[in-house]
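Here's a quick briefing to read with the model open beside you. It goes through the enclosed spaces, the ligand site and a few backbone oddities.

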Amino acid sequence: MKRTLSLPGLAYGGDYNPEQWPEEVWAEDVRLMAEAGVNMVSVNIFSWALLEPAEGAYDFSRLDRILDMLYTHGIAADLATPTAAPPAWFFRAHPEALPVDRDGRRLSYGSRQTFCPSSPAYRAAALRIAGELGRRYADHPAVVMWHVHNEYGCHNAECHCDTSAEAFRRWLRTRYADDLAALNDAWGTTFWSQWYYDWDEIIPPRATGAVPNPTHQLDWRRFCSDELLSLCTAERDVLREAAPSTPATTNFMVMYNFDALDYWRWAPELDVVSNDHYLRSTDPESEIDIALSGDLVRSLAGGPWLLMEHSTGAVNWQHVNRAKGPGELRRNALAHVARGADGIAFFQWRAAKAGAEQWHSAMLPHAGTDSVIWRDVVQLGADLRALAEVRGSRGVAEVAVVWDWNAKWALELPSQPSEEVRQLDLVRSWYEPLWRAGIAVDFVRPGADLSAYRLVLAPSLYLVDDAGAENLTGFTERGGTLVVGFHSGAVDENCHVRLGGYPGAFREALGVRTDELFPLLPGETVGLEGGGTGSLWSERVRPTGAQVVSSYTDGPLTGVPALTRHGYGTGTAWYVATLPDPDTLTALLDRIRTEAGVTPVRVTPEGVEAALRRGRDADYLFLIDHRGKGAEVPVAADAVELLTGRPLTDGSVTVPPGGVAVVREPRSVLP
Ligand code: GAL
């Protein structure tokens, strides 16, 4: 049973670290929070050293005052366990709890999240303080949610020490039911004399002379994700024991190539799914990254979720940290709401003057309230209040994109046909045309129930188990449209190549067979019949039933099919054997989705994002202008623009240049 976060409207706030400031500042904090409409803050995230000055000696007096103050001022607390930053005294007592990297270097304390996930001393200390905290604040009226730890795996996803090695072996014994022969078989250890005769011979994939065994590395990634998950659920359980009805969350990071955790396994363990999202300064269209991230998190949550962190302006951890342009803070935040967020929070409330993040933006900047960021923060608070009724509404999509962390990990191991192939890049390439066309998308794992979808896309699914592959091909057989990208279905869950021709698991459904792969060099392209080009990849495909849609017009594969279409059962399966240039990919996906009967949320001018949330009694259409030109967009009769409260009587809404409109429409508008 999932516990829900009960707040009257959308949550609004940020990480609040008052312990970093003299108490005189706190009064100003709560006064300004009221001005901005902040109704929930995350507290205590990194304050272990202050709460437990020496092992077993606790001082909760400051946290008592903070929580009481928040309650008095009507601000709810998302109370964190401080376990992401163990104090110095802990490491002096337990130096073995410091993590070891793959080169055998033991790291030092002095920053944060530098502990071995398998350390018994760390686990015991973390559970002790989580238990103390849980019991002390179980009934505190300010506390509405537990924030377990912070961004598990952000800095210490892997530890290669001997304790971790032991934990890895225990995990392997469970996975392979104590059968060492089964492990040897799964890992293919007859290769390069890697056969194991004793469990104790197995170590983490530490730095070694040549390429480590792929399945060894893949199982290691699975283990590392599970090991951190077990810390998370252990903390959750001690909190739950103290306060059985308080929901628990932990903040995920599904984007910017953070891929240490298999969040499909994590999401069901949490009452509320939350995510952190930051823009990359080098991404010229970060609005697409926000949408993709939001769709993925909503899919993990199976409904509404919380944006636990993003930034009001520049971060401090990129090469050059770009500030946000006019209106960007508002567009960014409301774009997350459009994708299902029921709350918006920032890192952090007040910009730090000291410490490693002193140059990170915040809701209240160093400059104080006479600043563009503060005015934007106050405006956003008003916007979120105006949108209170969207809380609990959900996404509706006819298109699913297959996303799997196991497939990503396996694809991105060394010694692939091409190290240029990256799952997120491919997914983003396919997602972009859908985003531009206003097509709603869910993300699914290969074995998911696909009955709600007309169209399923698998841009990059290198690894798939038999059940996942059958689920996807069965969807086609029963009338669905499936589109598969190159190098998918290539290996099984143990990273063993599926023999007999590529793309192994999907050969039959796609009606093609490839006998050799021809990855392309960086910058190299091949011509495609019809005028476009392909990059990154090509392969010698032979149709075995599929119809050829386009072939290569130059290079060693001239005349060989690059895009194919196959009637399979009562459905259709497409194969995309290269990365088509953006225009060609757009035309292809437009054609496929039109044939599949998929319609956009709303047709909008270029650069105006459209996304829809469906409530019990109404639909909420979000329109966001990212190109600064503004737009008139048709809406249903009896619609209301919620940010202004204006009834829309002439059948259209004006999206101001660089602005946002959120339109409540009767539910009947979409099928
Ligand atoms: C997150 C982290 C925050 C803060 C933020 C800065 O990864 O959870 O504590 O460091 O990054 O962007």
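By class, the lining of the largest cavity breaks down into 10 nonpolar, one polar and four charged residues. Keep in mind that this is a predicted model. The ligand has its own spot elsewhere on the list: the space it takes is the largest pocket.

**Cavities**

- How many cavities of 30 Å³ or more are there? The count comes to eight.
- The largest cavity has a volume of about 100 Å³, and 15 residues line it.
- If you want to find its centre, look for Asp-295, Arg-298, Arg-339, Ala-440 and Leu-612, the lining residues closest to that point.
- Three elements give two or more residues each to this lining: helix 10 (286-301), strand 12 (441-444) and strand 23 (608-614).
- Strand 23 is the top contributor here, giving three residues to the lining of the largest cavity.

**The largest pocket**

- This pocket has a volume of about 990 Å³, and 38 residues line it.
- Closest to the pocket's centre are Phe-46, Ser-111, Arg-112, Ala-356 and Glu-357.
- Helix 2 (48-51) and helix 4 (88-93) each supply at least two residues of the pocket lining.
- Which helix gives the most to this lining? That's helix 2, with three residues.
- Sorted by class, the pocket lining has 19 nonpolar, 13 polar and six charged residues.

**The ligand and its shell**

- The ligand takes up the space of the largest pocket.
- Around the ligand you'll find Phe-46, Arg-112, Asn-150, Glu-151, Asp-276, Tyr-278, Glu-309, Trp-317, Phe-347, Glu-357 and His-360.
- That shell divides into four nonpolar, two polar and five charged residues.
- Phe-46, Arg-112 and Glu-357 belong to the shell around the ligand, and these three are also among the residues closest to the centre of the largest pocket.
- For polar contacts, start with Glu-309: an N or O atom in its side chain is 2.7 Å from an oxygen atom of the ligand.
- Asn-150 has a polar side-chain atom 2.8 Å from a ligand oxygen.
- Trp-317 joins in through its side chain, where an N or O atom is 2.8 Å from an oxygen atom of the ligand.
- How much of the ligand does the protein bury? Taken alone, the ligand exposes 300 Å², and the protein buries 96% of that.

**Backbone oddities**

- Phe-347, one of the residues around the ligand, is joined to Gln-348 by a cis peptide bond, with omega about -5°.
- Where does Gln-348 sit? Gln-348 is in the loop between strand 9 (341-346) and helix 12 (372-386).
- Another cis peptide bond runs from Tyr-502 to Pro-503, with omega near -10°.
- Pro-503 is part of the loop between strand 14 (481-485) and helix 16 (507-510).
- Ser-415 isn't a glycine, yet its phi is positive, at about 70°.
- You'll find Ser-415 in the loop between helix 13 (405-411) and helix 14 (423-437).

Methods:
Residues are numbered from 1 along each chain as its sequence is written. This is a predicted model: local features need pLDDT of at least 70, side-chain atom pairs count only at pLDDT 80 or more; totals for chains, interfaces and linings use all residues. Side-chain values use heavy atoms; hydrogens and water are left out. On a 1 Å grid over the protein atoms alone, a cavity is a set of points where a 1.4 Å probe fits but cannot get out, and a pocket is an open set with protein on both sides within 12 Å along at least five of seven lines; lining residues have an atom within 4 Å of a point. Grid points are joined across faces, edges and corners, and a volume is the space filled by probe spheres set on the points. Helices (H or I, at least four residues) and strands (E, at least two) are DSSP runs, numbered from the N terminus. Ala, Val, Leu, Ile, Met, Phe, Trp, Tyr, Cys and Pro count as nonpolar, Asp, Glu, Lys and Arg as charged, and the others, Gly among them, as polar. A residue is near a molecule or strand if one of its heavy atoms lies within 4 Å of it. A polar contact is a pair of N or O atoms within 3.5 Å; within protein, one must be able to donate a hydrogen and the other to accept it, and residues adjacent in sequence count only if both atoms are side-chain atoms. Accessible areas come from the Shrake-Rupley method with a 1.4 Å probe; for residues, only the protein chains shown count as cover. A molecule sits in a cavity or pocket if more than half of its atoms lie within 2 Å of its grid points.
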